[in-house]
Amino acid sequence: MTDSLRPLFLTLEGGDGVGKSTQQRLLAQWFREAGREVVETREPGGTVLGKELRELILHGGYVDPRAEALMFAADRAHHIATLVRPALERGAVVVQDRYLDSSVAYQGAARDLDVDDVRGLSLWATRGLLPDATILLDLEPESARLSGPKDRLEREGGEFHAAVRMRFLDMAAQEPERWIVIDASGTVDEVQAAIRAALSSRGLSAEPRP
Ligand SMILES: Nc1ncnc2c1ncn2[C@@H]1O[C@H](COP(=O)(O)OP(=O)(O)O)[C@@H](O)[C@H]1O
Ligand SMILES: [Mg+2]
């Protein structure tokens, strides 16, 4: 398979307001400008069913932690099966805002579910699909750029967000071949340049190889 047809699955992770959506857009643009088909998507809520689940999870009332984990997993199973896998099979680049690592960080660590259970549930839901690279936009929660009304998870306290950040950093340290940790405190352009440089150094550049 030539490089231009090699499918690529990239995910962006990190807390709210670290710049995931902003960097996703710019990353997608990089690959599009290189002539690749790019699919930009998100979890939860990347499909019609997922949007309904997202609304229920983030803006509804109290949800039992196990019910919540299953709802995220249901969204993920449907999203990967109907949107992400078909795109990868066409040879597209999928740039996704949040994936299973968010479930592990949020539901596994900060609520009282077993981390291995949460990860296992996601892997079952997706038939074991892991990204080629996962970009962690790392920022101390105090510096998060939040605006507008907060959803249910965003309303959690500072300790919760600090715990989530530590979980992400721990996961990145445990699986360094998949994770790329980026300091997200710079300007939009600086952060994007760091992401592109890190991907290039792993042979995942949008530019054709010389
Ligand atoms: N590096 C940056 N410096 C300053 N503001 C930024 C930066 N990255 C994103 N923003 C702004 O911060 C807000 C949150 O960014 P966003 O990309 O939506 O974060 P997320 O998707 O991680 O919640 C947006 O208003 C965005 O324009
Ligand atoms: Mg966002």
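## Exercises on a predicted model

R127 lies in the loop between helix 5 (115-125) and strand 4, and the exercises below, all of which concern a predicted model, start from this residue.

**Exercise 1. Determine the sign of phi at R127 and at R98, and decide whether each residue is buried or exposed.**

Solution. Begin with the backbone: phi of R127 is near 55 degrees, which is a positive value in a residue other than glycine. Next take the surface, where a relative accessible area of 74% stands above the 50% cut-off, so R127 is exposed. Turn then to R98, which is found in the loop between strand 3 and helix 4 (100-109) and has a phi near 75 degrees, again a positive value in a residue other than glycine. Its relative accessible area is 10%, under the 20% limit, and R98 is therefore buried.

**Exercise 2. Find which peptide bond at P44 is cis, and place P44 among the elements.**

Solution. Look at the bond from E43 to P44, where omega is near -5 degrees and the peptide bond is cis. Then locate the proline in the chain: P44 belongs to the loop between strand 2 (38-42) and helix 2 (48-59).

**Exercise 3. Describe the largest nonpolar core, and list what I182 touches.**

Solution. Start with the general expectation that in soluble globular proteins nonpolar side chains tend to be buried together. In this model the largest nonpolar core has 24 residues, and those with the most contacts inside it are L27, F31, I135, L137, I182, I195 and L199. The elements giving two or more residues to this core are strand 1 (8-13), helix 1 (20-33), strand 3 (93-97), strand 4 (133-138), strand 5 (179-183) and helix 7 (188-201). A second, separate core of 20 residues includes L53, L58, A105 and A172. Now follow I182: leaving aside residues up to four places away in sequence, I182 touches I135, L136, L137, D138, V191, A194, I195 and A198.

**Exercise 4. Work out how many cavities of 30 Å³ or more the structure holds, and which residues line the largest cavity.**

Solution. A search of the whole structure finds one cavity of 30 Å³ or more, and the volume of the largest cavity is about 40 Å³. Its lining consists of A69, F72, A73, R76, S103, Q107, V118, L121 and S122. Helix 3 (65-89), helix 4 and helix 5 each give two or more residues to this lining, and helix 3 gives the most, with four residues. Sorted by class, the lining has five nonpolar, three polar and one charged residues.

Technical notes. Residues numbered from 1 in each chain as written. Chains lettered and ligands numbered in written order. Predicted model: local features only at pLDDT ≥ 70, side-chain atom pairs only at ≥ 80, totals over all residues. Heavy atoms only, no water. Core = buried A, V, L, I, M, F, W, Y, C linked by side-chain atoms within 4.5 Å. Buried < 20%, exposed > 50% of the residue type's maximum accessible area, 1.4 Å probe, protein only. Contact = heavy atoms within 4.5 Å. 1 Å grid on protein atoms, 1.4 Å probe; cavity = no way out; pocket = protein on both sides within 12 Å on 5 of 7 lines; lining within 4 Å. Points joined across faces, edges and corners; volume = space filled by probe spheres on them. Nonpolar A, V, L, I, M, F, W, Y, C, P; charged D, E, K, R; others polar.
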